[in-house]
Amino acid sequence: MPDPDAPDIRPSEFDRLGEDVPLLEGIRTTRAIRRLRPDPVPREVIRKVCEAGTFAPSGGNRQPWRFIAVTDPERRQWVADRYRPRFHAYIAPAQERASEDPEFPEARRRMQRAAIHLADHLHEAPVHLFVAAYTRGGKPQLQAAMPCIQNVLLACRAVGLGASLTTLHTGFGEECDRWLGLPDNCPSCALIPIGWPIGKYGRPPRRPLS
Ligand SMILES: Cc1cc2nc3c(=O)[nH]c(=O)nc-3n(C[C@H](O)[C@H](O)[C@H](O)COP(=O)(O)O)c2cc1C
């Protein structure tokens with residue numbers, strides 16, 4: 001059943017979508033959105049956020065990034081079944097600290113709950129966007145992939161999609177990259193679960209610059 005609250009975007013609106021968000025406001029209100037509606041996201045909108053990624057800087061302008069959007073439900077389940085146990089193993093010590101410490105900050109508790117929600121519902125996120133980058137001298141080029149990934153996250157914010165940067169899939173990276181059909185010299189660096197958000201964008205908690 002499609003969610004009646006998920007946006008219904010006509011193809012004629014794809015070009016204009018997200019073009020009116022002021023850049024600095026978009027930067028200040030891009031946060032990890034981990035609660036996502038299961039409704040599908042049009043392919044053109046996914047292409048649009050990936051295209052924003054390609055405007056990132058890269059050494060020698062080599063543009064080493066590659067994008068793979070996994071949308072098939074069975075394939076998303078495959079990813080989710082591997083991400084979930086790794087995420088729970090990763091978060092368990094922090095969860096224990098939170099349960100023992102009454103002073104544990106509420107913002108961090110909220111983040112934990114949202115990240116656990118994402119891990120438990122990853123299969124429902126309609127798009128698993130993997131960003132991979134060709135290696136250079138045998139080393140992953142994270143320094144080139146990350147500006148590209150940040151552009152994708154900002155573009156998701158602009159078009160109204162929820163998204164967050166995750167990297168825990170690298171715990172089964174080789175298996176995952178083979179399964180994605182990536183060559184050995186192009187490992188995936190990020191898994192960005194994308195979908196229409198359940199929550200809203202807004203200023204994330206940040207320490208003041210000074
Ligand atoms: C390198 C990197 C790796 C990350 N890996 C994960 C991850 O595996 N799972 C996850 O839920 N969030 C992951 N995050 C997201 C961070 O938790 C998030 O950016 C941080 O909590 C700030 O969120 P906010 O912008 O909503 O305040 C990662 C972020 C970075 C920069």
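A residue is termed buried if 20 or more other C-beta atoms lie within 10 Å of its own, exposed if 12 or fewer do, and partly exposed in between, with C-beta atoms placed from the backbone. The model described here is predicted, so that local features need pLDDT of at least 70 and side-chain atom pairs count only at pLDDT 80 or more, whereas totals for chains, interfaces and linings use all residues. Residues are numbered from 1 along each chain as its sequence is written. Helices (H or I, at least four residues) and strands (E, at least two) are DSSP runs, numbered from the N terminus.

Strand E2 (127-133) is considered at the outset. Seven of the seven residues of E2 are buried, so this strand is largely enclosed by the rest of the structure. From E2, Val 127, Leu 129, Val 131 and Ala 133 point one way, while His 128, Phe 130 and Ala 132 point the other way, and all are buried. Strand E4 (residues 188-195) is likewise mostly covered, with eight of its eight residues buried.

Strands of a sheet pair through backbone hydrogen bonds, either parallel or antiparallel. Two strands are taken to pair if DSSP finds at least two bridges between them. In this model, four strands form an open sheet in the order E1-E2-E4-E3, and their pairing is antiparallel. E1 and strand E3 (162-163) stand at the edges with a single partner strand each, so one side of each is left without a neighbour in the sheet. Six bridges connect E1 with E2, and Ile 68 has Phe 130 of E2 as its bridge partner. E2 is also joined to E4 by six bridges; here Phe 130 is partnered by Leu 191 of E4, and Leu 129 by Ile 192 of E4. Between E3 and E4 there are two bridges, again antiparallel, and Gly 162 is matched with Gly 195 of E4.

Helix H3 was examined for its length, bend and packing. The expected span of a helix is 1.5 Å times one less than its number of residues. For the 28 residues of H3 (residues 73-100) this gives 40 Å, and the end C-alpha atoms are 38 Å apart, which agrees. The bend at a residue is the angle between axes fitted to the seven residues ending there and the seven starting there. In H3, a kink of about 40° lies at Ala 92, shortly before the proline Pro 93. Val 79, Ala 80, Tyr 83 and Phe 87 are the buried residues of H3. An α-helix has 3.6 residues a turn, so residues three or four places apart point the same way. The buried residues of H3 pack against strand E1 (65-70), helix H4 (106-121) and strand E2, where a contact between two residues requires C-beta atoms, placed from the backbone, within 7 Å.

Helix H5 (residues 142-159) contains 18 residues and reaches 25 Å from its first C-alpha to its last, close to the 26 Å expected. In H5, 13 of the 18 residues are buried, so the helix is largely enclosed by the rest of the structure. Just after H5, Gly 160 adopts a positive phi of about 90°.

Most residues other than glycine have a negative phi, and most peptide bonds are trans. Asn 61 nevertheless has a positive phi, near 50°, and lies in the loop between helix H2 (43-53) and E1. Asn 61 is exposed, with 7 other C-beta atoms within 10 Å. Gln 63 also has a positive phi near 50° and is placed in the loop between H2 and E1. Gln 63 is partly exposed, with 17 other C-beta atoms within 10 Å.

Pro 7 is located in the segment before helix H1 (23-28) and is partly exposed, with 15 other C-beta atoms within 10 Å. Apart from its neighbours within four places in sequence, Pro 7 is in contact with Gly 160 and Trp 196. Pro 7 and Pro 205 are 198 residues apart along the chain, and their C-alpha atoms are separated by 27 Å.

The ligand was examined last. A residue is counted as near a molecule or strand if its C-beta atom, placed from the backbone, lies within 6 Å of it. The residues surrounding the ligand include Arg 31, Met 111, Leu 118, Thr 166 and Pro 205. By class, the shell has eight nonpolar, three polar and one charged residues. Here Ala, Val, Leu, Ile, Met, Phe, Trp, Tyr, Cys and Pro count as nonpolar, Asp, Glu, Lys and Arg as charged, and the others, Gly among them, as polar.
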